[in-house]
Amino acid sequence: MIVVAGEALIDLVPLAPPEPGGPLPVLAPRLGGGPYNTAIALGRLGGPAAFCSRISADGFGDALVAGLAAAGVDTAYVARGPEPTTLAVAAVGPDGSAGYSFYAGGTADRLFELPPPLPAGTRAVAFGTCSLVLEPGASAYEALLRREARAGRFVLLDPNVRPALIPDAGAYRERFRSWLPYVSLLKLSEEDAEWLGGVPEGPGAVVLTRGAAGLEVRTRGGGGVRVLVPAVPVAVADTIGAGDTVNAALLHGLAARNALSPAGAAALGPDGWREVLALAARAAALTCSRPGAEPPYAAELA
């Protein structure tokens, strides 16, 4: 079992680029949230996955829970609440890159509380994005991260930095550094790394996504491994959910190689990491080829 912990929200995605001086674009609701997308991608890849979060009992929340069920994701650790669902309004650039404005005040996912112990068969837990920023839930997710790392579980962290949500950048960077001793695999985009002040060396493995330039891994175990794989060329619809798909593919690929543990990942050699990164590159390319966060199914990557 791989458990993904974090927010689920609704992305409001423009159906067409806005025209200068024209009417506002029509926005279509899409199921989203970085951790939610990662859980959906894991389910579609076919491995046992669970989602740990707090989701609204409104219509959007019902749709989010139904999406998890359709992907085969266990929802036993999903709490429900009467508060509304967080909304993220996406603005898609000419190159397909997406920026977001968040409407998260008083929403259900912010009131997440530390859950009871996770199932004994849990091998890894993934964290990231808004859930580690917005209080009071952020402190509960942080406590879960530390608890599961101390229990020996493999921890993936994707900060997926959203500066507009961070009132005190210095305090967040200090808090981020406090998580690193508990992290087995850190996934960063180049933009994340720049905002955070560089690529840290604490975790056992760091995967850096470089957009069209591909993916790179740097490890400390076994004398250290450094591998770069190219991106898969694709006609980009948008990049929504691409990084989340990378998270899922990394976890899935490591699990397939019996490397979903701190020791296993440290022992994985250059060839193994190259295969894992190549899987992630293919999966991300397919996600980028269609609008919104639509991770691929296992059959599409065969």
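This report walks through a predicted model, from its central strands and one helix to its pockets, cysteines and odd backbone spots.

A few ground rules come with the model. Residues are numbered from 1 along each chain as its sequence is written, and side-chain values use heavy atoms, with hydrogens and water left out. Because the model is predicted, local features need pLDDT of at least 70 and side-chain atom pairs count only at pLDDT 80 or more, while totals for chains, interfaces and linings use all residues.

**Strand β1 and its partners**

Let's start with β1, a strand covering residues 2-5. Helices (H or I, at least four residues) and strands (E, at least two) are DSSP runs, numbered from the N terminus. Are the residues on the two faces of β1 buried or exposed? I2 and V4 on one side, and V3 and A5 on the other, are all buried. Here, buried means under 20% relative accessible area, exposed means over 50%, and partly exposed is in between (1.4 Å probe, protein chains only).

β1 also has company in the sheet sense: two strands pair if DSSP finds at least two bridges between them. β1 runs parallel to β4 (residues 49-56), with 4 bridges joining the two. It pairs in the parallel sense with β8 (residues 124-128) too, over 3 bridges. V4 takes part in both pairings: its bridge partner in β4 is F51, and its bridge partner in β8 is A126.

**Helix α3**

Next comes α3, a helix of 14 residues (137-150) that reaches 20 Å from its first C-alpha to its last. That is close to the 20 Å expected at 1.5 Å a residue, where the expected span is 1.5 Å times one less than the number of residues. α3 is largely enclosed by the rest of the structure, because 10 of its 14 residues are buried. Among them are Y141, L144, L145 and even E142, R146 and E148. What covers these buried residues includes β1, β4, β8, β9 (154-158) and α4 (169-179), going by contact (heavy atoms within 4.5 Å). Just after α3, G152 takes a positive phi of about 90°.

**Helix α5**

D192 lies in α5 and counts as buried at 5% relative accessibility. What does D192 touch, not counting residues up to four places away in sequence? The answer is D158, N160 and V161. D192 and P159 are 33 residues apart in sequence, yet their C-alpha atoms are 7.6 Å apart in space.

L196 lies in α5 as well, and is buried with a relative accessible area of 9%. Leaving aside neighbours within four places in sequence, L196 is in contact with P159, V161, Y172, R173, F176 and L188.

**Pocket and cavities**

Now for the empty space. On a 1 Å grid over the protein atoms alone, a cavity is a set of points where a 1.4 Å probe fits but cannot get out, and a pocket is an open set with protein on both sides within 12 Å along at least five of seven lines; lining residues have an atom within 4 Å of a point. Grid points are joined across faces, edges and corners, and a volume is the space filled by probe spheres set on the points.

The largest pocket holds about 1,300 Å³ of space. Of the 49 residues that line it, the closest to its centre are S189, E191, T239, A242 and G243. Elements giving two or more residues to this lining include β2 (9-14), α1 (34-45) and α5 (190-196).

There are also 3 cavities of 30 Å³ or more, and the largest has a volume of about 70 Å³. Its lining has 13 residues, with P35, T38, F127, G128 and N247 nearest its centre.

**Cysteines**

How many disulfides does the structure hold? There are 0, a disulfide being a pair of cysteine sulfur atoms within 2.5 Å. The table shows two of the cysteines.

| Cysteine | Nearest cysteine sulfur | Distance | Relative accessibility |
|---|---|---|---|
| C52 | C130 | 16 Å | 0%, buried |
| C288 | C130 | 19 Å | 11%, buried |

**Backbone oddities**

Most residues other than glycine have a negative phi, and most peptide bonds are trans. T129 is not a glycine but has a positive phi of about 65°; T129 sits in the loop between β8 and α3. P136 is found in that loop too, and the peptide bond from E135 to P136 is cis, with omega near 5°. N258, also not a glycine, has a positive phi of about 55°, and counts as exposed at 62% relative accessibility.
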